[in-house]
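Biologist: I should like to learn how to read the packing of a protein model. May we work through some features in turn?

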Amino acid sequence: MNAPDAPLFPSRRTPMDVAGWVRYFQLAEIPVQRHTAEALEDLRLNEDAVDARMLAELISVDPLMTLKLLAYTAALPRSRRLTDVETAREALVLIGITPFFRDFGPQPTIEAHLQGQPEALQGLHEVIHRAHRAARFALAFAVHRGDHDAPVIHEAALLHDFAEMLLWLHAPHLALDIAYRQKADPTLRSAAAQRALLGVPLSDIQHALMVAWRLPELLVQITDDTKAGASQVRNVMLAIRLARHTTRGWDNPALPDDLHDIAQLLNLGPGPTETLVHGLDH
């Protein structure tokens, strides 16, 4: 069955180039996961007992809340930032706990935003779940390699597909259409489906958003798939590949190649590599 040429789902007017999509997403609210919003309100009630570590542990498991915090921090005057803030914890140390709660009120949730759209909500949840697994893999690889930027690598994997999350939130008809086309034609690559429906690949939109939001340079570099030769980029890309290929289980035919490349990255044998990655999937 070939993917249809015309969109299958009702469409609102959406952009067809990078600049248009950047404006589209910049004007859109970014809701967060419900458990994040509820936990933030619980902490707000006892603000004096909250520190940056505690708050960062909550925020850094929610890619959308992490994205909001980093974008907010990057927009602060340069006089307040001697260096790039690269992690949620660094952002909270810079802002301060009281100013954070002052500037970040009760958060809108993805569940409320996509109420009545269960397929879109399920699609978004799947992307977030995949991001969590990729971040866990990436952090473990970075720690094994002794990389001092392990927290940034974890964050890079967590945020690697944030543009896809925004698409599920703010153009769910297109996200559903892309998913349908790929299900109907398993040979259809993601970038081709995205170009057909969005005008450009999501990776181009995401890179432009990261630049527009002035996200940390190291984070931008690590998530740049075109620089796959760099060890930190390979660390993230292999974690992403592993998370994608094991979404439905550990019998994907691409896994042997993934494990071979991970073994090379970590300087491990095939057996220890397989033991390591299986142990991380809990």
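Modeller: We shall take the nonpolar cores, one helix, the aromatic pairs and one loop residue. Please bear in mind that this is a predicted model.

Biologist: Let us begin with the interior. How many residues does the largest nonpolar core have, and which of them have the most contacts inside it?

Modeller: A core is read as a set of buried nonpolar residues joined through their side-chain atoms. Here the largest one has 70 residues, and W21, F141, L166, L167 and W213 have the most contacts inside it. Helix α8, residues 118-145, supplies the largest share of this core, with 13 residues. There is also a second, separate core of 22 residues, which includes V50, A52, I97 and F104.

Biologist: What does L167 touch beyond its sequence neighbours?

Modeller: Setting aside residues up to four places away in sequence, L167 touches W21, F25, P172, A175, I178, L198 and L202.

Biologist: How should I read the sides of a helix, and which residues of α3 are buried?

Modeller: The general idea is that an α-helix has 3.6 residues a turn, so residues three or four places apart point the same way. In α3, residues 52-59, the buried residues are A52, L55, A56, L58 and I59. They lie on the same side of α3 because they cover an arc of only 160° around the axis. Among the elements covering these buried residues are α2, α4, α5 and α6. At the N-terminal end of α3, D51 acts as a cap, with a side-chain oxygen 3.3 Å from the backbone nitrogen of R53.

Biologist: How many aromatic pairs does a search of the whole structure find?

Modeller: The search finds seven. One of the pairs is F100 with F101, which is edge-to-face, at 5.4 Å centre to centre and with 75° between the planes.

Biologist: Why is the pair of F100 and F104 stacked?

Modeller: Planes under 30 degrees apart count as stacked. The ring planes of F100 and F104 are at 20°, with the centres 4.8 Å apart, so this pair is stacked. Both F100 and F104 are buried. Ring pairs link Y72, F100, F101 and F104 into a cluster.

Biologist: Finally, consider a loop residue. Is T223 buried or exposed?

Modeller: Buried means under 20% relative accessible area. T223 has a value of 9%, and is therefore buried. T223 is found in the loop between α14 and α15. Leaving aside neighbours within four places in sequence, T223 is in contact with A156, H160 and M210.

Note on methods:
Residues numbered from 1 in each chain as written. Predicted model: local features only at pLDDT ≥ 70, side-chain atom pairs only at ≥ 80, totals over all residues. Heavy atoms only, no water. Core = buried A, V, L, I, M, F, W, Y, C linked by side-chain atoms within 4.5 Å. Buried < 20%, exposed > 50% of the residue type's maximum accessible area, 1.4 Å probe, protein only. Helix = DSSP H or I, 4+ residues; strand = E, 2+ residues; numbered from the N terminus. Contact = heavy atoms within 4.5 Å. Phe/Tyr/Trp six-rings, centres within 6.5 Å; stacked < 30°, edge-to-face > 60°. Arc of directions from axis to C-beta. Polar contact = N/O pair within 3.5 Å; in protein donor to acceptor, adjacent residues only side chain to side chain.
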